[in-house]
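Biologist: I would like to learn how to read a model feature by feature, beginning with single side chains and ending with whole sheets. Could you take me through one slowly?

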Amino acid sequence: MSSASDTRTMNGHCLCGAVRVTAREIGNKVGACHCTMCRRWAGGPFLEVDCGTDIEFADEDNIAVFNSSDWAERGFCRTCGTHLFYRLKGTGQHMVPVGLFENDAGLVFDTQVFIDEKPAYYEFANQTTNLTGEELFKMFGGG
Ligand SMILES: [Zn+2]
Ligand SMILES: [Zn+2]
């Protein structure tokens, strides 16, 4: 578990500026999800930071939310289509595209998940912890 000192506040916004985001307990670890749904959503792997639950969006009216599975939903800007979050319904935890944030100092590419769904045509050179979908579900105690 990370301690509070490992987290900080970061600000970001969508491409058109209609939605601004403030994340107050953001860590320094960047993850990639290679799952089929994320790649269809983003056009490539989803590069995200775990923002926990202490996160604020303005204006909420500019956000459309797609109910993508029984356990999660995905938000995007109604005007420019920028992806804003993957949110777990049970906990309210937000995974936010790292590219939204203004300051990327100190971020470390740490983990890749659903590595078993990664297509063969690309591969990151970074040394990361790689988990299959099954390993990820086990870590969260689900299945
Ligand atoms: Zn926008
Ligand atoms: Zn995914």
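Biologist: Is K138 buried or exposed?

Modeller: Before the answer, please keep in mind that this is a predicted model. A residue counts as exposed when its relative accessible area is over 50% and as buried when that area is under 20%. K138 has 60% relative accessibility and therefore counts as exposed.

Biologist: With which residue does K138 form a salt bridge, and how are the two placed along the chain?

Modeller: For a salt bridge one looks at the side-chain nitrogen of Lys or Arg and asks for a carboxyl oxygen of Asp or Glu within 4 Å. In this case K138 pairs with E134, and their closest N and O atoms are 3.6 Å apart. Both belong to helix α2 (residues 133–139), and because they are 4 residues apart there, about one helical turn separates them. E134 also counts as exposed, at 56% relative accessibility.

Biologist: How many salt bridges does the structure hold, and which parts of the chain does the one between R24 and D54 tie together?

Modeller: The structure holds 4 salt bridges. In the one you mention, the side chains of R24 and D54 meet at 3.2 Å, taken from N to O. R24 lies in strand β2, whereas D54 lies in the loop between β4 (46–50) and β5, so the pair ties together parts that are 30 residues apart in sequence. R24 is partly exposed, with a relative accessible area of 34%, and D54 likewise counts as partly exposed, at 33%. A pair of this kind may also belong to a network, and here R24, D54 and E56 are linked in a network of salt bridges.

Biologist: What does a salt bridge between two strands look like, taking R87 and E73 as the case?

Modeller: The side chains of R87 and E73 meet in a salt bridge of 3.0 Å, N to O. Since R87 lies in strand β8 and E73 in strand β7, the pair ties together parts that are 14 residues apart in sequence. The backbone pairing offers a second view of these two residues, as R87 is also the bridge partner of E73 in β8. Strand β7 (residues 72–77) and β8 run antiparallel and are joined by 5 bridges. E73 counts as buried, at 18% relative accessibility.

Biologist: How should I read the sheet around those strands, and in what order do its strands come?

Modeller: One reads a sheet from edge to edge, following which strand pairs with which. This one is an open sheet of 8 strands, in the order β6-β7-β8-β9-β4-β3-β10-β11, and its pairing is mixed. The edge strands, β6 (63–66) and β11 (129–131), each pair on one side only. From one strand to the next the twist averages 30°.

Biologist: Which strands form the open sheet of 3 strands, and in what order?

Modeller: Its order is β1-β2-β5, with antiparallel pairing. At the edges stand β1 (8–13) and β5 (55–58), each with a single partner strand, so one side of each is left without a neighbour in the sheet. Neighbouring strands are turned by 10° against each other on average, direction ignored. Between β1 and strand β2 (residues 20–26) there are 5 bridges in the antiparallel sense, and the bridge partner of R8 in β2 is I26.

Biologist: Which residues have the most contacts inside the largest nonpolar core?

Modeller: They are C51, F57, L84 and F101, in a core of 21 residues. At least two residues of this core come from each of β2, β3 (29–33), β5 and β8 (83–88), and the largest share, 3 residues, is that of β2. If neighbours within four places in sequence are left aside, F57 is in contact with V19, R20, V21, I63, L84, F85 and H94. Apart from this core lies another, of 12 residues, among them C33, C38, W41 and L136.

Biologist: Which atoms coordinate the zinc ion (ligand 2)?

Modeller: The SG atoms of C33, C35 and C38 coordinate the zinc ion (ligand 2), at 2.2 to 2.3 Å. Along the chain these donors follow the spacing C-x1-C-x2-C. C33 counts as buried at 9% relative accessibility, and C38 counts as buried at 3%.

Technical notes
Residues are numbered from 1 along each chain as its sequence is written. Chains are lettered from A and ligands numbered from 1 in the order in which they are written. This is a predicted model: local features need pLDDT of at least 70, side-chain atom pairs count only at pLDDT 80 or more; totals for chains, interfaces and linings use all residues. Side-chain values use heavy atoms; hydrogens and water are left out. Two strands pair if DSSP finds at least two bridges between them. Axes are lines fitted to C-alpha atoms, for helices over the stretch in contact, and angles run from 0 to 180 degrees between N-to-C directions. Donors are N, O and S atoms within 2.8 Å of the metal (3.2 Å for Na, K and Ca); water is not among the atoms, so sites may look incomplete. Buried means under 20% relative accessible area, exposed over 50%, partly exposed in between (1.4 Å probe, protein chains only). A nonpolar core is a set of buried Ala, Val, Leu, Ile, Met, Phe, Trp, Tyr and Cys residues joined through side-chain atoms within 4.5 Å. Contact means heavy atoms within 4.5 Å.
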